[in-house]
Amino acid sequence: MDHNKTPLFSALRRHAEQDPVQFHIPGHKKGLGSDSEFREFIGHNALSIDLINIAPLDDLHQPTGVIEEAQKLAADAFGSDYTYFSVQGTSGAIMTMILTVCAPGDKIIVPRNVHKSIMAAIIFAGARPVFISPARDNNLGIDHGITTRSVRKALERHPDAKAVLVINPTYFGICANLKEIVDLVHSYDIPVLVDEAHGVLIHFHEKLPMSAMQAGADMAATSVHKLGGSMTQSSVLNVRKGRVNPHRIQTVISMLTTTSTSYILLASLDTSRRNLALNGHALAEQAIQLAHQARQQINEIPGLQCFGEDILGGEATYDYDPTKVSIHVRHLGITGYETENWLRDNYNVEIEMSDMYNILCLVTPGDTSDSVSKLIIALRGLSERFHEGAEARELIVKIPDIPQLSLSPRDAFYGETETIPFKESAGRIIAEFIYVYPPGIPILLPGEVITQKNINYIVEHVEIGLPVKGPEDRSIEFVKVIVEETAIS
């Protein structure tokens, strides 16, 4: 295939150059109807290709023209049999994977540290999650992926599961042996779904971990926008034929996708595919080298620790993506949250994320030696400010056991509920989500029975000011639970 071509983007440019008289949406009509300040800032070119699915530009919901051609080029670039463009982000692609293979009552094996879109899809599908606890790193206070051993145990207990979902790589760039897990799951003739949100570059360089398609997975939701150069909210769903039905995938993704699809986002996917297919190896190599340089310099800064190949060797740490620069700040006596705010306030440096003990910085093809140098200068300033006399924070990562699932998440989410004081909710079935950071694992999900240990753990986090997310009551004083029928006397 000729990866110099950009069928969709080229069609958009040709259409804009013809300057047609438009009597269709969007109503801004090439920007003339937009706010003047916004129009001047965004520019004519962008507004001229903010179009809809008119005949020359194809239709994402039933592609037969330039979008179909662009998706075929993407499939070739990513090593898949089919690739579907998503303007609903990777969340939309993840939901598509699960809704394609799961019907009401079906089991799906998933890690406990899943993205909220996975639980949303399980609720929509009416599926029953079988959770696997991720491997916990007690030195860094983060979670890795699931292991082959834990997947084998889950399959032995639940051979009727309709799918196994794996995160590869994790947010922190760690990978288990994906090929081994895929082969194991396929021996049960069960499809493997991969949350590959943070792995678009791994397709294009041999120094990076194996991609989902290379490992033989059946579907992978991949964020091109996170690391691959496309615009925010644009992702792809890569598919290998055999265990999943591509026609059903098209139907499901269409159900989840707006009919007013953004052609600017689609064009950014088309052009990013070209850039990655032609230059991906060189772009990844540059990012890898910059990340290695950053890691080496960070490890020379007093009080900071940045793992690299030294983390490898365990079943859950089979490989890693060096472009995810995770920095352990516990020995400075401050939290990752405090570090994030300090870097912003003092050096105008924005990081990807923070938790109790770490910050995460992403080095991408958009970085240069100059941007990395600014990060190093800021981190040296951080160390100079906090290291002398600092007392390392005690690393405590204790997560309560996974609660008993008494109702399917969908039945609980849509069930009759009442709101009661959270501290008095032990023994009740929760009807909403509660996530605690760190490490981001859901402590309670709809349908699970609340235990006193859950309550104590969550209240402890709230009282010391750490983020607790999910419930409608952000103060976590009250929680929604399923109404219990009382006996008739």
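This section describes the overall fold of a predicted model, followed by selected helices, loops and backbone features.

The secondary structure of the chain amounts to 16 helices and 20 strands. The radius of gyration is 24 Å, close to the 23 Å that the globule rule gives for 489 residues, so the chain is as compact as a globular protein of that length. Along its principal axes, the C-alpha trace spans about 70 × 65 × 50 Å. Of the 489 residues, 57% count as buried. When contacts between residues at least 6 apart in sequence are considered, 72% of them join residues at least 24 apart. The chain exposes about 21,700 Å², of which carbon and sulfur atoms supply 48%. It carries 42 positive and 59 negative charges, and the mean positions of these two sets are 3 Å apart.

Helix α5 comprises residues 89-101 and is mostly covered, with 12 of its 13 residues buried. Among the buried residues of α5 are the glycines Gly89 and Gly92, together with Ile94, Met95, Met97, Ile98, Leu99 and Val101. The buried set also includes Thr90, Thr96 and Thr100. Several residues of this helix are contacted by Leu256, which lies in helix α11. Outside its neighbours up to four places away in sequence, Leu256 touches Gln88, Gly92, Met95, Thr96 and Leu99. Leu256 and Met95 are 161 residues apart in sequence, yet their C-alpha atoms are 8.2 Å apart in space. With a relative accessible area of 25%, Leu256 is partly exposed, whereas Met95 is buried.

The loop that follows α11 was examined through Thr258, which is placed between α11 (246-256) and α12 (263-298). The relative accessibility of Thr258 is 33%, and this residue therefore counts as partly exposed. Leaving aside neighbours within four places in sequence, Thr258 is in contact with His61, Val87 and Gln88. Gln88 is also touched by Leu256. By contrast, Asp218 lies 40 residues from Thr258 along the chain, and the C-alpha atoms of these two residues are separated by 25 Å.

Helix α13 (residues 336-347) has 12 residues, which should span 16 Å at 1.5 Å a residue; the end C-alpha atoms are 16 Å apart, in agreement with that expectation. The buried residues in α13 are Gly336, Tyr337, Thr339, Glu340, Trp342 and Leu343. Their cover includes two strands, β14 (353-354) and β15 (358-362), as well as helix α14 (369-386). After α13 comes Asn348, in the loop between α13 and β14. Asn348 is not a glycine, but its phi is positive, at about 55 degrees. Because its relative accessibility is 68%, Asn348 counts as exposed.

Helix α16 (residues 452-463) likewise has 12 residues and reaches 16 Å from its first C-alpha to its last, close to the 16 Å expected at 1.5 Å a residue. Its buried residues are Asn454, Ile455, Tyr457, Ile458, Val459 and His461. Strands β17 (434-436), β18 (442-444) and β19 (468-469) are included in what covers these positions. Just after α16, Gly465 takes a positive phi of about 85 degrees.

The loop between α1 (7-18) and α2 (36-42) contains Pro20, and Asp19 and Pro26 are found in that loop as well. Asp19 has a positive phi of about 50 degrees although it is not a glycine. Pro20 counts as partly exposed because its relative accessibility is 23%, above the 20% limit under which a residue is buried. Not counting residues up to four places away in sequence, Pro20 touches His15 and Lys30. Pro26 is joined to Ile25 by a cis peptide bond with omega of about 0 degrees. A cis peptide bond also runs from Asn168 to Pro169, where omega is near -10 degrees. Pro169 lies in the loop between β6 (163-167) and β7 (174-175).

Terms used
Residues numbered from 1 in each chain as written. Predicted model: local features only at pLDDT ≥ 70, side-chain atom pairs only at ≥ 80, totals over all residues. Heavy atoms only, no water. Helix = DSSP H or I, 4+ residues; strand = E, 2+ residues; numbered from the N terminus. Expected span 1.5 Å × (residues − 1). Buried < 20%, exposed > 50% of the residue type's maximum accessible area, 1.4 Å probe, protein only. Contact = heavy atoms within 4.5 Å. Rg over C-alpha atoms; globule rule 2.2 N^0.38 Å. Areas by Shrake-Rupley, 256 points an atom, 1.4 Å probe, with all protein chains shown as cover. Lys, Arg positive; Asp, Glu negative; His and termini not counted. Charge placed at Lys NZ, Arg CZ, Asp CG, Glu CD.
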